[in-house]
Amino acid sequence: MDFDPSYTAQQFKSVGTRPLRPDGVDKVTGRARYGADFNMPGQLVGRVLRSPHAHAIIRKIDTSKAEALKGVKAVVTAADLPDLTDGDADLYAILSNCMARDKAFYDGHAVAAVAAIDARTARRALKLIEIDYEVLPHVTDVDEAMKDSAPLLHESVFTDGVDPAPAKPSNVARRSQYGHGDVDAGFADADMVVERTYRTEQTHQGYIEPHACVASVNNDGTGELWVCTQGHFVYRQWCADLLGMDVSKLRVTSSEIGGGFGGKTHVWAEPVALALSRKAGRPVKLVMSRDEVFRASGPTSATSIDVKIGAKKDGTITAASATLRYTCGPWVGMWAELGAMTAFAPYDLKNVRTVGYEVLVNRPKVSAYRAPSAPMAAFAVESAVDELARKIGMDPVDFRIANVAKEGTRASYGPVYGPIGIGPTLEAVKEHPHMKAPLGKNQGRGMACGFWFNFGGQTCTDLNIGADGTVTIAVGTVDVGGSRASLSMVAAEELGIPYEQVKAIVADTSSLGYNDMTDGSRGTFSSSMATISAARNAIRIMRARAAQMWGIPVEDVVWEEGHAKAAGAKHGNLPPLSVREIAAAAGNTGGPIAGHSELVADGAGVSFATHICDIEVDPETGQTRVLRYTVVQDAGKAVHPTYVEGQYQGGAAQGIGWALNEEYIYGKDGRLQNPGFLDYRIPVCSDLPMIDTQILEIPNPNHPYGIRGVGETSIVPPLAAIANAVSNAVGVRMTHIPMSPPRILAALEAE
Amino acid sequence: MEYVLPASLNDAIGLLAGAKGNAFVLAGGSDLLVRMKGDFIEPDLIVDIKGIGELAQIVQTADGFTVGSAVPCAVMGENTALRKAWPGVVEAANLIGSKQVQGRCTIAGNLCNASPAADSVPALVAAGARAVIAGPSGKRTIAVEDVPTGPGKTSLAKGEIVEAIVLDKRPSNSGDAYLRFIPRTEMDIAVVSAGVNLTLGADGAVASARVALGAVAATVLLVSEAADAIVGTRLDDTAMEKLAQACSAAASPIDDKRGTVHFRKKVAGVLATRAARIAYERAGGK
């Protein structure tokens, strides 16, 4: 296709307005179908047995008593999910995580599962499964796990990325490095240096909807999976690979999603549900409990990060370095690497070096969490930047502006930036009334910057013109933040018809070509590009049909305001043809009218934000209260400003929870102490102020409308902004996230 | 599992006394159902007392108030006379769980669940509340602090039910208050809590006081040294400091996921002084 994705400035009619989202009423009235709302005739209840040990060899599993229990239709263990991964280490990690093989690597690791006629029978059956464990020493702390004396998770892991290759196995799975220039020379040039170590604890995405699916495998090798996911095409691929099915014979339908934030980019119990269904010969519904969600799905890394930054008295940063140690759970990821890439992205630095270490620990397998790895790196770097600004005697906003990255800057992670929004967000913050508002006793203000890459990826969209001229678009990116509304607006814009005449659906894996997941803030960016392309293809067909109806050359037909118009004086008297009129005649002019698009959406514009936060601290208890919060972020072009603001606010809310109270707490026995929302404290409504937002629009040159992804960046600055605010309120530098009341009180008393 | 909704207290006692296996009383169910869903208990018998009319009332007598064990905490909050007489007890009851939970939960259930972090219990202990217990061998009345004996354990014998919580009539110039520390603003469980109940003398100084602490020991603590620290004073700074010290000293908490020993000891003192000031103001102290 000759689709040109370049940005062209244009006036919008539909894009930029704020219509109601099409899925809203169903969601607030309870009619929307989430993962657990699907049911099939004859369906069984699936339940998973999980290891109570943080680290243990599984000597023997005896399922005979469970299998003999009346009402039990299938029991599966690792033996029912044979290794078909053919040397693919990432896939093997997914397999081993879905069902422990020779070893249980964390408290909550799945070791067996049952399918039974009801929940009570399934629960009883789990109690009848006998497992002979050999409990091993465990390690959950990132720094402890790196020591030579630490219990080793895998004998076969030798640190990758180190030359020469180490001779001894280790929990440090990989080392990565980024940067340019001469850091040592840069520090030698500095008048002031700040150097500190920071820690952040592990958090969970905290989606309210637990993982849920219904799996149905037939004995002819076909199957269906209804599931709550951010990417049904990717789930299909992994499930088919792990079960030895043909990809095209497994049909995956995504449900409405009650939050994902990266945690639903990974399969957890879905392959197990399919294995149970295959063995039982009946559909199996598997819904994880909250306890299971916390113990065995999706947390982010716990980290330990050293940062050193040096600057001249005039405020020029001369050198910056960071060493980032991130937990991965039991299998290697690229979490520290993402931290190492993002850490100094907002700045124009001559000399910069970051080193990341991927560390294996006896905790659940880490998965993406909204701008994965960037918030912790930003917390460490932006805390140090703030401290250095104060040391020099510069305003922290001015100090950042003096060193800010701009078009043409070589990013610390390698590429040269195009037009970017970090400078404008800082200028906007400098002028924002929030920065000038007075503060009271025990109150402090902080600000911080954040960056995220954004992603484009493989995308496929169908646009079908109905016989009455209304339009359906079938997209393959799961709608996690209102993208059906946004994509309908884009289709309406391109076709020149009202938003109300477009209906968007998320198509299942058998109805549409492959799509990457809704991750990397790519949903609206990539599917809008494909929607524009599909609409332009449909317009081309409609112009041809109009030409046919009129009996004139197609070159003489233009598309304007939702109509085919005959151009030029010689056709001056022909009245324009509407989409409806062209569609009504389609049966006589060549059949149904549709536009398709398959593309790789390259050039997702990078995203920057700057946040401001006011905090009050009770000096006697360490209690904090967020008084005011402002998000300034570049959207490229805000398709639906209300949902863009919602993304800004949602990321800030999650960041506030992470900064102040959320953390995985492990006991000495390696068991998770707080697998529930009572003691894993996400903010409740009354904990948050109204989060103020300001949308900047610096067009992305690689998208026809200038759109950038907006979903993730908003969680990057909050940890640092809040840490800077608390530090300013109490006069003590806070270096450990979350800044829970006991930690703040202890820091105050230590001072 | 059998679920029974008896119509009378005697029927409930009979069911519990004759039960084989694990029998549980369901008042609001806000703890029981959570424990069942979490797979912590598997009851053989559940006796729901919400259908027993005599347990569902707040009765004001010449001696004070009798709060039936099936009265939801939200109903306590709607009782103007009770709220006026015992504002600390009512505010504690209305901190339990969420608005929805308060429509079901009861202070008797909160007491019998025997959590050291129970919100209403420090306020009840400070108030000198008593529990009327009915059982197969008749009725007895004991101080509320004698009901829980440790986390999840009570002094109730088989077949016994708390019938009501009794709160005395207030002398004039009295006030009570309850404060808890939670990291969030609501929907949370006390990390430390303090209830203070006091009566002022004619001279405006504290004539008598009771101070109770929650979540700092296996059961709610009644701290007489803390009360002694403020009796005879107008809550001057020295008295407040002594009160805080007495509370911090009496507290013997544990380190756990909700807080550290050090944090709890310190904040126990902070909350007690703040609660004392509120109680003092409510009593008319200046």
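## Chain B: overall fold and the sheet around strand E10

Of the contacts in chain B with a separation of 6 or more, 63% are between residues 24 or more positions apart. The model is predicted, and the values below are computed from it.

Chain B contains eleven helices and 14 strands. Buried residues account for 49% of its 286 residues. The C-alpha trace of chain B spans about 55 × 45 × 35 Å along its principal axes. A compact globule with 286 residues would have a radius of gyration near 19 Å, and the 19 Å of chain B agrees with that.

**The sheet**

Five strands of chain B form an open sheet, in the order E4-E5-E10-E6-E7, and the pairing is antiparallel. The edges are taken by strand E4 (58-61) and strand E7 (138-143) of chain B; each has a single partner strand, so one side of each is left without a neighbour in the sheet. From one strand to the next, the twist averages 20°.

Three of the strand pairings are set out here, each with one pair of opposite residues.

| Strand pair (chain B) | Sense and bridges | Residues standing opposite |
|---|---|---|
| E5 (residues 64-68) and E10 (residues 161-168) | antiparallel, five bridges | Gly64(B) and Asp168(B) |
| E6 (residues 130-135) and E10 (residues 161-168) | antiparallel, five bridges | Arg130(B) and Val166(B) |
| E6 (residues 130-135) and E7 (residues 138-143) | antiparallel, six bridges | Arg130(B) and Ala143(B) |

Arg130(B) in the table stands opposite Val166(B) in E10(B) and also opposite Ala143(B) in E7(B). Strand E6(B) is joined to E10(B) by five bridges and to E7(B) by six.

**Strand E10 and its surroundings**

In the sheet order, E10(B) stands between E5(B) and E6(B). Five bridges link E10(B) to E5(B), and five link E10(B) to E6(B). A residue counts as buried if 20 or more other C-beta atoms lie within 10 Å of its own. Six of the eight residues of strand E10(B) are buried, so this strand is largely enclosed by the rest of the structure.

A helix also meets this part of the sheet. Helix H1 (residues 9-17) of chain B lies across E6 and E10 of chain B, and runs at about 130° to E10(B). Strand E10(B) therefore has E5(B) and E6(B) as sheet neighbours, has H1(B) lying across it, and is largely enclosed, with six of its eight residues buried.

How values were computed
Residues numbered from 1 in each chain as written. Chains lettered and ligands numbered in written order. Predicted model: local features only at pLDDT ≥ 70, side-chain atom pairs only at ≥ 80, totals over all residues. Buried ≥ 20, exposed ≤ 12 C-beta atoms within 10 Å, placed from the backbone. Helix = DSSP H or I, 4+ residues; strand = E, 2+ residues; numbered from the N terminus. Pairing = 2+ DSSP bridges. Axes fitted to C-alpha atoms, helices over the stretch in contact; angles between N-to-C directions. Contact = placed C-beta atoms within 7 Å. Rg over C-alpha atoms; globule rule 2.2 N^0.38 Å.
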